[in-house]
Amino acid sequence: MTGAQTIAGLTDWAAQMYGDEEALVCDGDRWTFAELRDRVDRAARAVIAQGVRPGDSVAVWAPNSARWVVAALGAVAAGGVLVPVNTRYRAAEAADILRRSRTRLLFTEHDFLGTDYRELLAASGEELPLLERTVTLHSAQWPRFLAGGDRVSGQERRRRTAAVRPDATADILFTSGTTGRPKGVPAAHVQNLRVYAAWARAVTLRRGDRYLLVNPFFHTFGYKAGVIACLLFGATIVPERVFDAKTVLGRVQEERISVLTGAPTLFTSLIRHPERAAYDLTSMRMAVTGAANIPTALIEEIGAFLGARSVSTAYGLTESTGVVSVCPPHESPETLAHTCGTALEGTELRIDAPPGTPGEILTRGPHVMGGYLDDPEATAEAVDAEGWLHTGDVGVLDERGFLRITDRLKDMFVVGGFNVYPAEVEQVLRGHPAVVDAAVVGAPDGRLGEVGVAYCVPAAGARIDAAELTAYTRERLANFKTPRAFHCLPALPHNAAGKVDKGALRRLADETAA
């Protein structure tokens, strides 16, 4: 691990290590590591001035930006616990997370893709008794908020930062479970630092790299494999608010980007862009992606057409601090495409089945969560008495210890890099007066990898209207969770145990897609 002991003190440490080297580039701002430290210090003093105590939760519900980084790291430097919130969430989804995390201070935006999150929350009528203040990052509120920190001395901020223990909770990320209700996963400072130092070494992130962060900061691979990894290794943070292929190609050229991470669909979009050849991508050195199945040709094309000389793949879940295994860049394209590599340094990985046969993927080590937030029952189901995390995914380990994912025990599917849990969507659909029962499965999609397909049983005298159900689910769920197709069935298929036969529905969805 590095010399940094907590994320609270990470910007102070990075400023000492990397000083006048460029730390962050965004919207015309170019900050050195020392300047980033100063901005985080001021934000931390402002957070303390708001009355946030050590261990209090501070949420950020906003897209990637320099101020996201400053607000989040400032909250943690003040001893707070960071709670990133998915920008695609609707008011009810976000409010549920804010309540259960006991958030006292919220940073958000007034205009992102036409959405005013503050107004969205206010109009929803959701009760948030513990939320004391909401600050809009890109408005006149932000400088006023920072000015409030002038009442707190730098000495007090440094004392607060130094008091944070390495084993204290640094953040809580929420991930949906098979029950459809998001689960909070707390992670400690030392846990995050250890995992992402090991991850960065495995993928060869290094000092002086220029890292375009397209992955959203509310996700582990945006905040942790992005912001935290850059601070640890002296790489430049270049945030991107939303993914647009042409914009990203231009950013790679203009900023001499050397590192890019994302879902396979991100790289496919860049490679297939009709104007790709017009951009100078020679600065690209490293790419990291991951999925259960990646075409070997895509790994080769990332190198041939995007210039990345180093390509890695990885697998993880929020309960493992985002990483279980990494396939290093020196492996063959076939190995990179069809496996997720070996266990993260300092961790264990095994299959709950005889050698060479598929079984549930289990992992153990310092990367495994201590437990779900306020949910000991779910924790006991996920982590056994010996400390093994049961991932719910099915895989095989080869003779070298390389992991190949073959299936999922859970019904989860992945839409453009975002996990979707059918139970959550099904609950919403059953709330529509025209729907008696519903089942949702993932179906292949050429652009997004998978999309949701809903099979609905109509109420007596009702009909299934796809447009109406699309609008209904979009009002209540993030867009990526909304099924792309709705089909009417007189009854859902059931297996011998009386459970809905998702396998039969997936086969039906595959046939329809084909």
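Me: Are Arg157 and Asp41 buried or exposed?

Reply: Good place to start! Keep in mind that this is a predicted model. A residue is called buried when its relative accessible area is under 20%. Here, Arg157 and Asp41 are both buried.

Me: What joins the side chains of Arg157 and Asp41?

Reply: Look for a salt bridge, which needs a side-chain nitrogen of Lys or Arg within 4 Å of a carboxyl oxygen of Asp or Glu. In this pair, the N to O distance is 2.8 Å, and the two side chains meet in a salt bridge. Arg157 sits in helix α7 (residues 154-162) and Asp41 in helix α2 (residues 33-49), so their contact ties together parts that lie 116 residues apart in sequence.

Me: Which residues are linked with Arg157 and Asp41 in a network?

Reply: Asp12 and Arg45 belong to it too: together with Asp41 and Arg157 they form a network of salt bridges. The whole structure holds 34 salt bridges.

Me: Where else can I see a salt bridge linking distant parts of the chain?

Reply: Try Arg285 and Asp209, whose closest N and O atoms are 2.7 Å apart. Arg285 is in the loop between α11 (264-272) and β12 (286-289), while Asp209 is in the loop between α8 (189-203) and β9 (210-213), 76 residues away. Arg285 counts as buried because its relative accessibility is 7%. Asp209, at 3%, therefore counts as buried as well.

Me: And what do Lys481 and Glu93 form?

Reply: Their side chains also meet in a salt bridge, at 3.0 Å from N to O. Lys481 belongs to the loop between α16 and β24, and Glu93 to helix α4 (residues 91-100), so this pair ties together parts 388 residues apart in sequence. Both Lys481 and Glu93 are buried.

Me: You mentioned β24. What is the order of the strands in its sheet?

Reply: To read a sheet, follow the strands from one side to the other. This open sheet has three strands in the order β22-β23-β24, and the pairing is mixed. Its edge strands, each pairing on one side only, are β22 (435-445) and β24 (485-488). On average, neighbouring strands are turned by 25° against each other, direction ignored.

Me: In which sense do β23 and β24 pair?

Reply: Strand β23 (residues 449-458) pairs with β24 in the parallel sense, over four bridges. To find one of the partners, start at Val453: its bridge partner in β24 is Ala485.

Me: Which helices lie across β22, β23 and β24?

Reply: One of them is α15 (residues 422-430), which runs at about 140° to β22. Helix α16 (residues 466-476) also lies across these three strands, running at about 125° to β24.

Key. Residues are numbered from 1 along each chain as its sequence is written. This is a predicted model: local features need pLDDT of at least 70, side-chain atom pairs count only at pLDDT 80 or more; totals for chains, interfaces and linings use all residues. Side-chain values use heavy atoms; hydrogens and water are left out. Two strands pair if DSSP finds at least two bridges between them. Helices (H or I, at least four residues) and strands (E, at least two) are DSSP runs, numbered from the N terminus. Axes are lines fitted to C-alpha atoms, for helices over the stretch in contact, and angles run from 0 to 180 degrees between N-to-C directions. Contact means heavy atoms within 4.5 Å. Buried means under 20% relative accessible area, exposed over 50%, partly exposed in between (1.4 Å probe, protein chains only).
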